Amino acid sequence: CALLAASPGMQLAVTTDMLVAGTHFLPDTDPCQLGWKTLAVNLSDLAAMGARPRWALLAASLPEARVSWIASFAEGLFACASHYAVDVVGGDTTRGPLTLCLTAIGEVPAGLALRRDLALAGDDLWVSGQPGLAALSLAHLQGRTQLPAALADRCLAALQRPLARVELGLRLRGLAHAAIDISDGLLADLGHIIERSAVAAEVFVAQLPALPPGVDPVLARQCQLAGGDDYELLFSAGPERRDEVVDLGAQLALPLWRCGQLIASDSPRLTLLDANGRQLTIKQKGFDHFG
């Protein structure tokens with residue numbers, strides 16, 4: 001066991017995420033990139049709660065003990081740990097299908113954690129970064145689309161070496177009312193906020209990032225709204241805080257897009273609106289773990 005000492009006045013935030021070959025990543029994924037991603041996707045959950053990452057434990061099943069693969073995976077894992085100042089404090093390995101299960105632990109001042117259930121009617125909705133790139137990369141790798149070379153490289157980086165928005169999460173303490181990462185898709189994860197906070201949402205599709213050129217716009221929009229495997233943060237904040245959010249994005253050199261609003265409702269409801277206020281429809285709202 002590891003003995004962990006929490007800092008005075010802090011609560012522990014704990015998350016576990018599992019990555020299974022063939023379900024969450026392609027079996028031939030570069031092991032170094034996979035090592036980075038295995039930790040980063042968990043740190044994204046901590047970021048969404050405004051927690052500072054501290055420790056991680058990894059349990060893994062491997063089909064075989066290939067030294068070169070393990071060394072490359074470890075290089076990526078510990079590079080990510082170093083980048084975010086995380087200590088890897090334990091874990092376990094066994095023989096079996098390639099499965100990676102990581103637990104990450106962070107700290108957040110008592111009472112300041114970002115949650116899903118504290119969004120308010122009237123809040124603005126914001127999302128960070130460029131949602132949809134990871135899903136576009138997967139579509140490219142699976143032959144469902146052909147991306148221009150420069151865009152393909154950018155999308156592959158988003159898929160295989162995502163950045164957890166830890167600093168953004170820390171800076172949203174006391175500014176955002178609710179937050180979540182959009183790893184299952186923007187609309188699917190927004191659904192968790194409106195359900196837990198008992199509000200409805202209107203998403204202004206035209207205020208999301210411009211779709212990449214040279215890509216089928218229907219596919220690109222589907223990836224942006226429901227693709228999954230994005231580790232950006234979606235959060236709500238009062239409209240009186242807009243200037244502060246804009247300033248925060250500039251300070252972090254991170255695009256923050258005001259993409260909707262929350263409204264009072266007797267039941268959770270999510271509406272997509274185009275630039276003219278017309279309602280849009282989308283068939284799929286996010287990644288289904290058992291679909």
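Let's start with a word you'll need all the way through: two residues are in contact when they have heavy atoms within 4.5 Å of each other. Helices (H or I, at least four residues) and strands (E, at least two) are DSSP runs, numbered from the N terminus. What you have open is a predicted model, where local features need pLDDT of at least 70 and side-chain atom pairs count only at pLDDT 80 or more, while totals for chains, interfaces and linings use all residues. Residues are numbered from 1 along each chain as its sequence is written, and side-chain values use heavy atoms, with hydrogens and water left out.

**Stop 1: helix α3**

Select residues 133-141, which make up α3. Which residues of α3 are buried? They are Leu133, Ala134, Ala135, Leu136, Ser137 and Ala139. Buried here means under 20% relative accessible area; over 50% is exposed, and anything in between is partly exposed (1.4 Å probe, protein chains only). The cover over these buried residues includes α4 and α7, so let's visit both, a move that rests on what contact means: heavy atoms within 4.5 Å.

**Stop 2: α3 against α4**

Add residues 149-160, helix α4, to your selection. Two packed helices are described by the angle between their axes and the distance between the axes. For α3 and α4, the angle is about 110° and the axes are 7 Å apart. That makes α3 roughly perpendicular to α4. The axes are lines fitted to C-alpha atoms, for helices over the stretch in contact, and the angles run from 0 to 180 degrees between N-to-C directions. Under 35 degrees counts as roughly parallel, over 145 as roughly antiparallel, 65 to 115 as roughly perpendicular and the rest as oblique.

The crossing of α3 and α4 is left-handed. That word applies if the near helix is turned anticlockwise from the far one by less than a right angle; clockwise makes it right-handed.

Now show side chains. On α3, the contact uses Leu133, Ala134, Leu136, Ser137, Leu138, His140 and Leu141, and on α4 it uses Ala152, Arg154, Cys155, Leu156, Ala158 and Leu159. Sorted by class, that contact of α3 with α4 has 10 nonpolar, two polar and one charged residues. In this sorting, Ala, Val, Leu, Ile, Met, Phe, Trp, Tyr, Cys and Pro are nonpolar, Asp, Glu, Lys and Arg are charged, and the others, Gly among them, are polar.

**Stop 3: α3 against α7**

Keep α3 on screen and bring in α7, residues 217-226. The axes of α3 and α7 come within 7 Å and cross at roughly 130°. That makes α3 oblique to α7. The crossing here is right-handed. Look for Ala135, Leu136 and Ala139 on α3, meeting Leu219, Ala220 and Cys223 on α7. The contact of α3 with α7 divides into six nonpolar, no polar and no charged residues.

Before you leave, click on Gly143, just after α3: its phi is positive, about 80°.

**Stop 4: the loop after α7**

Slide along to the loop between α7 and β8 (233-237) and pick Glu232. Is Glu232 buried or exposed? At 9% relative accessibility, Glu232 counts as buried. Its side chain and that of Ser128 are joined by a polar contact of 2.6 Å. A polar contact is a pair of N or O atoms within 3.5 Å; within protein, one must be able to donate a hydrogen and the other to accept it, and residues adjacent in sequence count only if both atoms are side-chain atoms. Leaving aside neighbours within four places in sequence, Glu232 touches Ser128, Gly129, Gln130, Arg165, Ile180, Asp181 and Ile182.

Asp229 sits in the loop between α7 and β8 too. Asp229 has a positive phi of about 65° although it is not a glycine, and it is buried, at 17% relative accessible area.

**Stop 5: α1 and α2**

Now select α1, residues 31-47, together with α2, residues 67-83. They pack at about 40°, with their axes 6 Å apart, in a right-handed crossing. The contact of α1 with α2 divides into 13 nonpolar, five polar and one charged residues.

In the loop between α2 and β3 (87-95), find Ala85. The phi of Ala85 is near 55°, a positive value in a residue other than glycine, and at 58% relative accessibility Ala85 counts as exposed.

**Last stop: Gly91**

Finish on Gly91 in strand β3, which is exposed at 55% relative accessibility. Which residue should you measure to from Gly91? Try Leu57: the two are 34 residues apart along the chain, yet their C-alpha atoms are separated by 4.9 Å.
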